[in-house]
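Subject: A structure to look through

Dear colleague,

I am handing over a structure that you may like to open beside this message. Please turn it on your screen as you read, and find each residue as it comes up.

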Amino acid sequence: MIKKYPLNRVEYFSLFRDMIETLPQGREDAPAISWFTRRGEEHGVSLGRLRDDVRDLQAFLVKNGLAGKHIAILGENCYEWLLVYFAATYCGAVAVCVDVEQSDDTICQMLNMADVSALFFASSLDDICLPFAGEDKKAYHLSGTGNVPSVLDLIEEGRRIRNESPEEIKTTVTPDMTASIVFTSGTTSYSKPVMLSQEAILTNASDALANVAIGSVAFTSLPFYHTYGLTCSVLSMLIGKAHLYINGNLKTVMRDIQLAEPHTMLTVPLMLETIYTKMWLSAEELGKAKKLKLLLKIKKFLFSLGIKHPGNTLKALRQKCFGKIELIICGGAHMNSEIMETFGYMGVTVVQGYGITECAPLVSVNRNKANKYGSVGLVSANCEVKIEDGEIFVRGKNVMKGYYKFPELTDEAMHGEWFATGDIGYLDKDGFLYITGRKKNLIVFKNGKKLSPEKLEEKIKEIPLVGDVVVYGAVSGVSTDDVQVAASIYPNKEESAGMTQYDILESLQNAINTINRELPLYQQIQMVSIREHEFSKTALQKIKRHLV
């Protein structure tokens, strides 16, 4: 049984303006946000500089009639992206967070859907944003020089406005006002525009800290246009007084982790799976795989006795894989328990959480000293969960105001104060939440039995030859409910190197036959296909199942 302990003490805010003004008090020169250039040069700003930049930029927004308007932000992670977000929410505008990994048509569709009045964008998106802005919408670059004014230009202008006419830039902002429109991650055929209030986002950010104690230095490469990347990895870290290192270039993530030397990292399972795979491949190449397996087996036994020091060998391995990281907060998809256990023996605690865009996003998370592998943790302080017919429902301050301009979709998702997540799961006797599947992904057989494909996907992913997999119900008869379980597999590149398609299929079929022997007949995988190309994925590396 997991022993519960009191929540961490944390400061709560209901307005972004209050957060921006309060955090620097007594800590003006404390580092707030830092980043590395492509050459590895470090840049950063203090809490005082962050506050002043936000004050100046919001003054420009107000003076130019953008308070209360919808302001789109398009670009990779950078300091300027955050400045626009903070300035918009500070003065009561609505920050429209756009996923730049989408197609050009989808991006324009999102901008239209959200009724934006101004766009702040990376110069690389000129071809999309400038024509869309036309003459009736304001267009600004996040950074750089050229014909389009950049954020730094606007800050300078805003500083002048703030000094010359401070009375003209005052605005009224309330906790229930919409702070952001964020689009759902897009694992379905379309993304929905979620309205989140100032209080919902900020309460959720502090709730995360109440459960998880963070270190003094944190690192994230999660996209800011997603609620996990913004609420949990930016706002929580700033409120928790951590020095946050940000990354917007996946090519330099591992380098930046080593340079930043963080205690805490926020990420998705794919990154940890990649590190885990590379660790074992390296061990095999050096002929040390057997020795490592034995060492981990010994550590598992010692951990069961309460002896939890990783030892010099595993500490050295941790340094090579993670630098100085001791805590990893992981979300966005299911995390393999074996990987979490292995990293734990190395001295890296991995806590898994669960969130959904409509809940700002955090619903539950494991704690530093109350961590059940396989679960997604304990429900957040200002949040309630109930299970109805296997589906998870959520109520609390963090729940969305609705889908912008889609009242029918809002009515479908909201059951009074309760939001229907569409996720299938359960709560155990200790209050830990478990996710077992997605309601819309359920495979329904004509005998009335149902199967969550995620369960089988987890088993198949344990096969070394598998890179990614989607399990689905393939119609095998006349009626739509006459289905067989099928698996579409993208092979692991390293493991399948040098193998023919026939060799890969034969090896996979043998491994799946072994899995099938442990399953009831109706759950057995009847069809296996190999993909030549990777699955299309969302920003949080979830497979877009509707495209399979």
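F303 is found in helix α11, which covers residues 289-304, and in this predicted model F303 counts as buried because its relative accessible area is 19%, where buried means under 20%. If residues up to four places away in sequence are left aside, F303 touches K308, G344 and Y345. The contact with Y345 brings together residues that are 42 apart along the chain, and the C-alpha atoms of F303 and Y345 are separated by 7.8 Å.

F303 also leads us to an open space in the model, since F303 is one of the residues closest to the centre of the second largest pocket, together with K308, T349, N368 and Y373. This pocket has a volume of about 530 Å³, and 17 residues line it. The lining divides into seven nonpolar, five polar and five charged residues. Which helix gives the most to the lining of this pocket? It is helix α13, residues 337-345, with three residues.

Besides this pocket, the structure holds three cavities of 30 Å³ or more. Rolling a probe the size of a water molecule over the atoms is what shows where such empty space is left. About 80 Å³ of space lies in the largest cavity, whose lining includes C97, D99, Q102, M110, F183, Y225 and H226, as well as T538 and A539. How many residues of this lining are nonpolar, how many polar and how many charged? The division is five nonpolar, six polar and one charged.

From the empty spaces we can turn to the packed parts. In soluble globular proteins, nonpolar side chains tend to be buried together. The largest nonpolar core in this model has 121 residues, and the members that touch the most other members are M19, L50, L74, W81, Y85, F86 and L119. Helix α3, residues 79-90, gives the most to this core, with ten residues. Taking L50 as an example, and again not counting residues up to four places away in sequence, you will find that L50 touches A32, I33, V45, Y79, L83, F86 and L238. Apart from the largest core lies another one, of 34 residues, among them V217, I275, L296 and V350.

The strands deserve a slow look as well. Nine strands form an open sheet with mixed pairing, and their order is β2-β1-β10-β9-β11-β12-β13-β14-β15. The edge strands are β2 (42-46) and β15 (378-379), each of which pairs on one side only. Within the sheet, strand β11 (residues 264-267) and strand β12 (residues 327-330) pair in the parallel sense over four bridges, and M265 stands opposite I328 in β12. For the antiparallel sense you can look at strand β20 (residues 418-427) and strand β21 (residues 433-438), which pair over five bridges, with Y426 opposite Y434 in β21. β20 and β21 form a hairpin with five residues between them, and G431 in the turn has a positive phi of about 90°.

A few places in the backbone are worth checking by hand. Most residues other than glycine have a negative phi, and most peptide bonds are trans. K241, however, has a phi near 65°, a positive value in a residue other than glycine, and K241 is found in the loop between α8 (227-239) and β10 (243-246). Is K241 buried, exposed or partly exposed? K241 is partly exposed because its relative accessible area is 43%, which lies between the limits of 20% and 50%. K405 also has a positive phi of about 65° although it is not a glycine, and K405 is found in the loop between β18 (402-403) and α14 (407-413). A cis peptide bond, with omega about 0°, joins A360 and P361, and P361 lies in the loop between β13 (349-355) and β14 (362-365).

A360 brings us to one last residue, A200, which touches A360 as well as K397, N398 and V399, when residues up to four places away in sequence are not counted. The place of A200 is in helix α7, residues 198-211, and A200 is buried, with a relative accessible area of 0%. A200 and T22, which are 178 residues apart in sequence, are 18 Å apart in space, C-alpha to C-alpha.

With kind regards

Definitions and conventions:
Residues numbered from 1 in each chain as written. Predicted model: local features only at pLDDT ≥ 70, side-chain atom pairs only at ≥ 80, totals over all residues. Heavy atoms only, no water. 1 Å grid on protein atoms, 1.4 Å probe; cavity = no way out; pocket = protein on both sides within 12 Å on 5 of 7 lines; lining within 4 Å. Points joined across faces, edges and corners; volume = space filled by probe spheres on them. Nonpolar A, V, L, I, M, F, W, Y, C, P; charged D, E, K, R; others polar. Core = buried A, V, L, I, M, F, W, Y, C linked by side-chain atoms within 4.5 Å. Buried < 20%, exposed > 50% of the residue type's maximum accessible area, 1.4 Å probe, protein only. Helix = DSSP H or I, 4+ residues; strand = E, 2+ residues; numbered from the N terminus. Contact = heavy atoms within 4.5 Å. Pairing = 2+ DSSP bridges.
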